[in-house]
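Let's look at this structure together and ask how each description is earned. Here it is.

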Amino acid sequence: MSTDPTQAQHSRVPSGVPSRVPQLILLAPMEGVLDHRLRALVAGVGGVDRCVSEFIRVTDRLLPARVFLRLMPELRHGSRTPAGVPVRAQLLGSEPAVLADNAARLAELGAEGVDLNFGCPAKTVNRHRGGAVLLDEPELVHGIVAAVRRAVPPGVPVSAKMRLGHRDEERLLDNARAMAEAGAGEIVVHARTKLHGYKPPAYWDRIARVREAVAGQNLRVIANGEVWSVDDARRCLAESGCDALMLGRGLVADPGLALAVRGLVAPGWDRIAPLLPRYAELVRPEVAARHRGGRIKQWVNQLRRHFPEAQALYEAIRTVHDADTIEQTVRSLCAPQAAETAVPMEKARESFDLAGFV
Ligand SMILES: Cc1cc2nc3c(=O)[nH]c(=O)nc-3n(C[C@H](O)[C@H](O)[C@H](O)COP(=O)(O)O)c2cc1C
């Protein structure tokens, strides 16, 4: 689809132009949500400079190329989405040498860069010494980043994504310095500890401390967490002092958010609704029938956080199990003409805050 924001009809103009427009906006990795299909659609709306793949779990061996290609088919297309937005591959693991081997393989496959996951809060991942628990061991964090940095050619960027800490923030600055000294070119800071989970708020001011700790090192700090609106983005940039944002759930719920944050005109429901039948088409040949409907419901559920019109659609498919019926409903309610004439449901606004994520 077109990424030209000036073509938007019935557009939403942000309440105010952000006082600071970010230099860089990234689409966050979201395992189980932002697969390559949804990445393509969301990044295709515009305003996103780069995506990150869902985490690719590495245990004790070099993964075969087909695993990388399945999780990140963009590797077949120069590590870019169909709209040309670069996609960086994210690895999750704890063995520096094994992560390094897999990073080298990704570089051979043409990955735009390699990102390392130090933030996953999932119990099974943490039990196997992966994700946010690694933040208890800054030396290991250093070892991982350094090994991966050495393993890939100098032109391939290496970045890291972290939370404020595992149980507390005690080692926040040690971890950030470890990443910087080991050669990370970017650090994304999700401004919560693992214990905070996804519970608001995100502590954006802590990101400013990270920036100060690594000032003078040649790396960029990117702020992440709980940015749902232009106002949130403005406050996050001000509190963190960053010039770059990573947006996750906010961009899934409102694919026009990156444009809006840049002060550009963002598409309304009339432009977003037709992406749903497109999504169903992309999911259909690749996802087992029993999961297909769930994928579509999941995105509609998230969209209704931002678009009241999505509530009517959600009500229509919520209790339906048959994937074909769900797809048909989406096709009939979200075809371009249907979306243009859809009447916003005032009632839908009431249940906005109840919308959850996976
Ligand atoms: C369902 C879900 C899956 C996620 N998967 C990943 C992942 O694979 N790798 C990662 O680094 N972060 C992952 N995250 C964290 C997000 O990238 C992001 O840091 C977090 O959602 C906060 O940003 P937001 O408030 O903009 O969503 C995930 C978050 C959610 C909700």
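Q: How do you know that contacts in the protein chain join residues far along the sequence?
A: Two residues are in contact if their C-beta atoms, placed from the backbone, lie within 7 Å. Among contacts between residues at least 6 apart in sequence, 73% join residues at least 24 apart. A caution: this is a predicted model, where local features need pLDDT of at least 70, side-chain atom pairs count only at pLDDT 80 or more, and totals for chains, interfaces and linings use all residues. Residues are numbered from 1 along each chain as its sequence is written.

Q: What makes a residue buried or exposed?
A: Count the other C-beta atoms within 10 Å of its own: 20 or more means buried, 12 or fewer exposed, and in between partly exposed. By that count, 51% of the 358 residues in the protein chain are buried.

Q: Why is a set of residues called a nonpolar core?
A: Because its members are buried Ala, Val, Leu, Ile, Met, Phe, Trp, Tyr and Cys residues joined through C-beta atoms within 7 Å. The largest such core here has 112 residues, and Val114, Val148, Ile187 and Leu245 have the most contacts inside it.

Q: What does Val114 touch, not counting residues up to four places away in sequence?
A: Its partners include Leu91, Leu106, Val148 and Val158.

Q: What makes a residue count as near the ligand?
A: Its C-beta atom, placed from the backbone, must lie within 6 Å of the ligand. Of the 24 residues around the ligand, Ala28, Pro29, Glu31, Gly248 and Arg249 come nearest.
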